[in-house]
Amino acid sequence: MGAKSQRKGRAAERELAHLLQRYGYPVEAGRAQSYGEVPDLSGLPGVHIECKRAETLRLSEWMAQAERDAQRFGDGLPAIFFRRSRSPWCVVMKLEDWMGIYKAGGCRCGCEAAKPGEKRK
């Protein structure tokens, strides 16, 4: 990985850490130049964050990396947090993992969330 790419990745980790801190989570970026020795970010309970800032999406490749690292670090469910230039941050998780998180906390958007098998009001 080139120096420019490393700087871009490190800047993305710091940017995402600051965003998650504003939501109230004590998220911290891993050490600079750790090269996979520590997670990209830590401090989001139950979630292993794989942080990516790229124009070309390689979700399958990234998810495989997130799954390996989540297992290795034992820090939670694998999730890819990514964004393209001039785009908002997005999150990708396996449906089963996301449903577990969603059911545990429920929808907090103010709507009346439907129970399984029901239609939303």
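**Exercise 1. How much space lies in the second largest pocket?** Work out its volume, then describe its lining.

*Solution.* Before starting, note that this is a predicted model, in which local features need pLDDT of at least 70 and side-chain atom pairs count only at pLDDT 80 or more, while totals for chains, interfaces and linings use all residues. Residues are numbered from 1 along each chain as its sequence is written, and side-chain values use heavy atoms, with hydrogens and water left out.

Step 1: the volume. The second largest pocket holds about 630 Å³ of space. A pocket here is an open set of points on a 1 Å grid over the protein atoms alone, where a 1.4 Å probe fits and protein lies on both sides within 12 Å along at least five of seven lines. The volume is the space filled by probe spheres set on the points, with grid points joined across faces, edges and corners.

Step 2: the lining. Lining residues have an atom within 4 Å of a point. There are 17 of them in this pocket, and those closest to its centre are Tyr25, Leu44, Val47, Phe81 and Ile101.

Step 3: the elements. Helices (H or I, at least four residues) and strands (E, at least two) are DSSP runs, numbered from the N terminus. Helix H1 (3-22) and helix H3 (95-105) each supply at least two lining residues; H3 gives the most, with four.

Step 4: the chemistry. The lining divides into 14 nonpolar residues, two polar and one charged. In this count Ala, Val, Leu, Ile, Met, Phe, Trp, Tyr, Cys and Pro are nonpolar, Asp, Glu, Lys and Arg are charged, and the others, Gly among them, are polar.

**Exercise 2. In what order do the elements of the chain run from the N terminus on?** Add a summary of the whole chain.

*Solution.* Step 1: count the elements. The chain has three helices and five strands.

Step 2: put them in order. The elements run α-β-β-β-α-β-β-α.

Step 3: look at burial and surface. Of the 121 residues in the chain, 27% are buried; buried means under 20% relative accessible area, exposed over 50%, and partly exposed in between (1.4 Å probe, protein chains only). The accessible surface comes to about 8,500 Å², with 51% belonging to carbon and sulfur atoms. These areas come from the Shrake-Rupley method with a 1.4 Å probe, and for residues only the protein chains shown count as cover.

Step 4: look at contacts, meaning heavy atoms within 4.5 Å. Among those between residues at least 6 apart in sequence, 46% join residues at least 24 apart.

**Exercise 3. Which side chain does a polar contact of 2.9 Å join to that of His48?** Follow strand S3 from there to Ala79.

*Solution.* Step 1: place His48. This residue is found in strand S3 (residues 47-53), and His48 counts as buried because its relative accessibility is 1%.

Step 2: find the partner. The side chain of His48 is joined to that of Asp75. A polar contact is a pair of N or O atoms within 3.5 Å; within protein, one must be able to donate a hydrogen and the other to accept it, and residues adjacent in sequence count only if both atoms are side-chain atoms.

Step 3: move along to Ile49, also placed in S3. Ile49 is buried because its relative accessibility is 0%. Leaving out residues up to four places away in sequence, Ile49 touches Leu16, Leu20, Asp40, Leu41, Leu44, Ala79 and Phe81.

Step 4: cross to Ala79, which lies in strand S4. Ala79 counts as buried at 0% relative accessibility. Beyond its neighbours within four places in sequence, its contacts include His48, Ile49 and Ala66. The C-alpha atoms of Ala79 and Lys94 are 7.9 Å apart, with the two positions 15 residues apart in sequence numbering.

**Exercise 4. Is Arg86 buried or exposed?** Find its loop and its phi, then compare with Gly30.

*Solution.* Step 1: Arg86 sits in the loop between strand S4 (77-83) and strand S5 (90-92).

Step 2: Arg86 is exposed, because its relative accessible area is 80%.

Step 3: the phi of Arg86 is near 55 degrees, a positive value in a residue other than glycine. Most residues other than glycine have a negative phi.

Step 4: Gly30 has its place in the loop between strand S1 (28-29) and strand S2 (41-42). With a relative accessible area of 12%, Gly30 is buried.
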